[in-house]
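Dear colleague,

Please find below the structure that I am handing over to you. A short account of the findings comes after it.

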Amino acid sequence: IGMVSSVDLIHTIAKMLRKYSLKNVVVDPVMVSTSGCKLISDDAIDVLVDELFPLATIITPNIPEAELLSCQKIQTAEDMERVGQMIADKYNVAVLLKGGHRICDANDLLVAGTNCTWFQGVRIDNDNTHGTGCTLSSAIASWLAKGYDLVDSVNRAKLYISQTLFHGINIGKGSGPLNHGWMIKNTLNKTWSKSAIRRAMMLYAVTDNHESVDKSLIEKIELALKGGVTMIQLRQKGMTFEQFLEAARQVKIRTDAYHVPLIINDNVMVAALVDADGVHLGQDDMDIKEARKILGDNKIIGLSAHNISEAELAQINGADYIGVGAVFHTTTKDHTIPVSFETLQTICNTVSIPVVAIGGLNAENIRKLKNSGIAGVALVSAIFGSKDILKKTADLYKTVSTVVLE
């Protein structure tokens, strides 16, 4: 339920909600425009809170609307928690307090009973934002209707609205609509078969950690792509969310041009927003099943494993491949105990999904992994630390081919 400006309209809607005992009712109390203009009369506000709020599963006010409902000023995250709880208690309804009007971030707060849940948001540079509130509340209602709980529904709806903004379109003049149909093209993408994933594992290039993705790193990635890498993983630990998002966007342009899958390290939200081909998770990152819910069945999900039990569990939970390592001593991760050849071989013989060897690999020691059963190797400095990346990558491809294919 969106903008309802008249008392009669509100009475009619409330009457029909009660008549049919409707569930999953999401009320977006549209009262204040983005520019700060009041959109509803005082008498209509009184009827709205008296008639519709008691019938709602959740209400979704923005900050100006929450300030109007509470007669309180909101400037900080603590203010949002205090006012959100106040509104939830006063009207006995779950409240999603939208933080898009805050200067410092775009985080939203869900208050349901005494539970508060924060949802991370990112400001996306897009002038076409008309209908963001309506889209979010409609998406929440859609996920509730599909049987998801309130927290999961809000999380999925927030991801969807971020995607509609990120994949924006320009129509007409002024503030245009969101790109609600951005996923239509995504449904046409091929689903990754097990054999296709296995082929893509052979020469798996992983970017080293940088605080920024500058022109030089983009150039290195392009050289690696020209040299024959079969998969790229973007791993950037020192960036803000916004920087990582822009970096992934730039790298995706390059990997698409070479028809090479792009895997995002750890960050499922970034992977979803840039429509990356998949995500690589560590043992302490998001659960594979949760990542699958967000990314869908046609994306690749890999998981790091260090022993047989972790590898078996990864396969049971739906991983598409396993990264096992470190197989040799590596400087990229501290306090790493190398996985033995025997353990690597046993893992390859135990699971049916592809296994890629990770950690401390170079042109010399890759040959030691022959007959282990791996589908490929993941390399960092051996590729990106080379003075001649193009030639080095081509030579590595030949070397790995003899290990994997012969």
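The notes below cover the strands first and the aromatic rings afterwards.

This is a predicted model, in which local features need pLDDT of at least 70 and side-chain atom pairs count only at pLDDT 80 or more, while totals for chains, interfaces and linings use all residues. Residues are numbered from 1 along each chain as its sequence is written, and side-chain values use heavy atoms, with hydrogens and water left out.

Strands are DSSP runs of E with at least two residues, and helices are runs of H or I with at least four, numbered from the N terminus; two strands pair if DSSP finds at least two bridges between them. A closed barrel of eight strands runs β6-β7-β8-β9-β10-β11-β12-β13, with parallel pairing. Within this barrel, four bridges join β9 (residues 278-281) to β10 (residues 300-305), and L281 stands opposite L303 in β10. Five further strands form an open, mixed sheet in the order β1-β2-β3-β4-β5, with β1 (26-27) and β5 (115-119) as the edge strands.

The structure holds three aromatic pairs (ring centres of Phe, Tyr or Trp, the last by its six-membered ring, within 6.5 Å; planes under 30 degrees apart are stacked, over 60 edge-to-face, the rest tilted). One of them, F53 and Y91, is edge-to-face, at 5.1 Å centre to centre and 90 degrees between the planes. F53 lies in the loop between α2 (42-52) and β2, and Y91 in helix α4 (residues 77-91), 38 residues apart. F53 counts as buried (under 20% relative accessible area with a 1.4 Å probe, protein chains only; exposed is over 50%, partly exposed in between) because its relative accessibility is 0%.

Yours faithfully
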